[in-house]
Amino acid sequence: MDSIIIEESGPLYGKIPIAGAKNACLALMPATLLSDEPLTLTNAPRLSDIGTMTVLLQSLGVEVESLNDGLVLALSSHALKTTRADYDIVRKMRASNLVLGPLLARTGEAIVSLPGGCAIGARPMDLHVSALQALGAEIELKDGYLHARTLKKGRLSGGEHRLKFASVGATENFIMAACLAKGRSQLKNAAMEPEIVDLVRCLRSMGANISGEGSNTVTIRGVEKLHGATHSVVMDRIELGTYMLAPVIAGGEVELLGGTVELLETFCEKLTEAGVEISKTANGLKVKRKLDTIYPVDVKTAVYPGFPTDLQAQMMALMCISNGVSRLEETIFENRFMHAPELIRMGAQIDVQGGVARVEGVSKLKGAQVMATDLRASVSLILAGLAARGQTKVGRVYHLDRGYEKLVEKLQNVGAKVERVN
Ligand code: UD1
């Protein structure tokens, strides 16, 4: 199994290009199920999660062609062969549940395995189920599978629903399903993440009639058919935030090509508070420390536009070397501090009590052998390794391949001493 070895690095100088968003692409790909005409996605990220979604869609009969070195995905759902999403694929990635809404809307039936537990929490499906029931779906749980069907396998019917919690996935499933429902649907307390806005833009270019995306109320007027489209995947704000931290942790100044502050405002505000200078350039953003000192900041994760849970681990890596005590509160997932014990192995001073981590900055971290436990936790260890004396070895690198394309190459290109070994 591969590992990544990091030596103390910096200052870092140069440019890092930001890829298309994993989380947007994972919702855009299942949108192909809504139409029998081709959907072409450009600016797709080259990641193993995209490979997993490809295998899942292919198992349903979708033709998926990867072009231009994986940057373009040509999808066609003209000949679906089953409505069953099998456990063996779904268990690998929770985002597999995003086939539920579109499959049901297009065919009148979807049998989708429950995703099962995962390292960062239980992640149930109740919000997806009640959102789709509001559109007239009958859903029952049998043998670990959700069996969803419409009345007489006909169209879903428009309906109104308020989510108990603004779940990203449940919002995406509701919107996709409502596109083909009979009549008007409305989702209240909808999630507002930029990846949802990107999905709606794509659905609109496929002929959907949707308004209110990016606000907490989304209205959809169902149409009988959607058509083909070409759509460019929005920039990955989580990849952007992750690489913004590299020159802050290791010193230097890095330009993030394609990066914009607009999709990451709360995170950028916290960085500014910590003593980071962020400036716009013609091609993206430039980031550097203002002074030598990193100031401690308090962070509480929240749904968009709040501080993203997917950047909490990386922010903790920065706070480990701040000049004081910071408090990080995780409100989205119940078990998302697994990076803390690994950072402690590197000399960090962290005390976790329930959903709150108290981090007391130390002047220097030290390299250690650490274990990646999930995608964002893994990358936080790599960031910490850039500022740690000696060598850090991160195992279980397959987590990183899920969400960061060419990570080693991108960091090496700005001067980081990082290498992947077998
Ligand atoms: C998406 C992102 C993920 C991110 C998360 C929160 C994708 C592919 N993944 O995941 O990277 O960390 O948003 O920003 O876009 N919940 C329920 N019942 C449900 C659904 C969710 O209780 O039916 C809970 C979950 O357990 C979790 C919380 O709601 O505690 C947030 O989940 P949700 O917003 O649905 O996240 P995902 O869409 O799975």
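This passage describes the surroundings of the ligand, the empty spaces and the strand pairing in a predicted model.

The ligand is considered before the rest of the structure. Around the ligand stand 18 residues, and of these Asp126, Leu127, Ser167, Asp310 and Ile332 come nearest. When the residues of this shell are sorted by class, eight are nonpolar, five are polar and five are charged. Several polar atoms of the protein lie at short listed distances from oxygen atoms of the ligand, and they belong to both side chains and backbone. In the side chain of Asn23, an N or O atom is 3.0 Å from an oxygen atom of the ligand, while a polar side-chain atom of Asp310 lies 2.6 Å from a ligand oxygen. Ile332 takes part through its backbone, where an N or O atom lies 2.6 Å from an oxygen atom of the ligand. Taken alone, the ligand would expose 730 Å², and the protein buries 85% of that area. Two elements, helix 5 (126-133) and helix 6 (168-179), each give two or more residues to the shell, and helix 5 gives the most, with three residues.

The empty spaces of the protein were examined next. In general terms, rolling a probe the size of a water molecule over the atoms shows where empty space is left. The count comes to one cavity of 30 Å³ or more, and the volume of the largest cavity is about 40 Å³. This largest cavity is lined by Ala21, Lys22, Asn23, Glu195, Asp236, Arg237, Ile238 and Arg376. Helix 1 (22-28) and helix 8 (237-250) are the elements that give two or more residues to the lining of the largest cavity, and by class this lining holds two nonpolar, one polar and five charged residues. Asn23 thus appears in two settings, since this residue is part of the cavity lining and also has a side-chain N or O atom 3.0 Å from an oxygen atom of the ligand.

The second largest pocket, for its part, has a volume of about 250 Å³. Its lining is made up of 17 residues, of which Arg289, Asp292, Ile321, Val362 and Ser363 are the closest to the centre of the pocket. Sorted by class, the lining of this second largest pocket has seven nonpolar, six polar and four charged residues.

The strands were then followed from partner to partner. Strands of a sheet pair through backbone hydrogen bonds, either parallel or antiparallel. One open sheet consists of four strands in the order 18-19-21-20, with mixed pairing. Strand 18 (299-300) and strand 20 stand at the edges of this sheet and have a single partner strand each, so that one side of each is left without a neighbour in the sheet. Strand 20, which covers residues 349-353, pairs with strand 21, residues 356-360, in the antiparallel sense over five bridges. Within this pair, Gln349 has Glu360 of strand 21 as its bridge partner, and Asp351 stands opposite Arg358 in strand 21. The two strands form a hairpin with two residues between them, and Gly354 in the turn has a positive phi of about 60°.

A second open sheet, also of four strands, follows the order 6-7-9-8, and its pairing is mixed. The edges of this sheet are strand 6 (84-85) and strand 8 (138-142), each of which pairs on one side only. Strand 6 and strand 7, the latter comprising residues 109-113, pair in the parallel sense over two bridges, and in this pairing Ala85 stands opposite Val112 in strand 7.

Strand 13, residues 217-221, has pairings with strand 11 and strand 12. With strand 11 (residues 184-188), strand 13 pairs in the antiparallel sense over five bridges, and Arg184 has Arg221 of strand 13 as its bridge partner. With strand 12 (residues 209-211), the pairing of strand 13 is again antiparallel and extends over three bridges, with Thr219 in strand 13 as the bridge partner of Ser211. Strand 12 and strand 13 form a hairpin that has five residues between the strands, and in this hairpin Gly212 takes a positive phi near 90°.

How values were computed
Residues numbered from 1 in each chain as written. Predicted model: local features only at pLDDT ≥ 70, side-chain atom pairs only at ≥ 80, totals over all residues. Heavy atoms only, no water. Near = heavy atom within 4 Å. Polar contact = N/O pair within 3.5 Å; in protein donor to acceptor, adjacent residues only side chain to side chain. Areas by Shrake-Rupley, 256 points an atom, 1.4 Å probe, with all protein chains shown as cover. Nonpolar A, V, L, I, M, F, W, Y, C, P; charged D, E, K, R; others polar. Pairing = 2+ DSSP bridges. 1 Å grid on protein atoms, 1.4 Å probe; cavity = no way out; pocket = protein on both sides within 12 Å on 5 of 7 lines; lining within 4 Å. Points joined across faces, edges and corners; volume = space filled by probe spheres on them.
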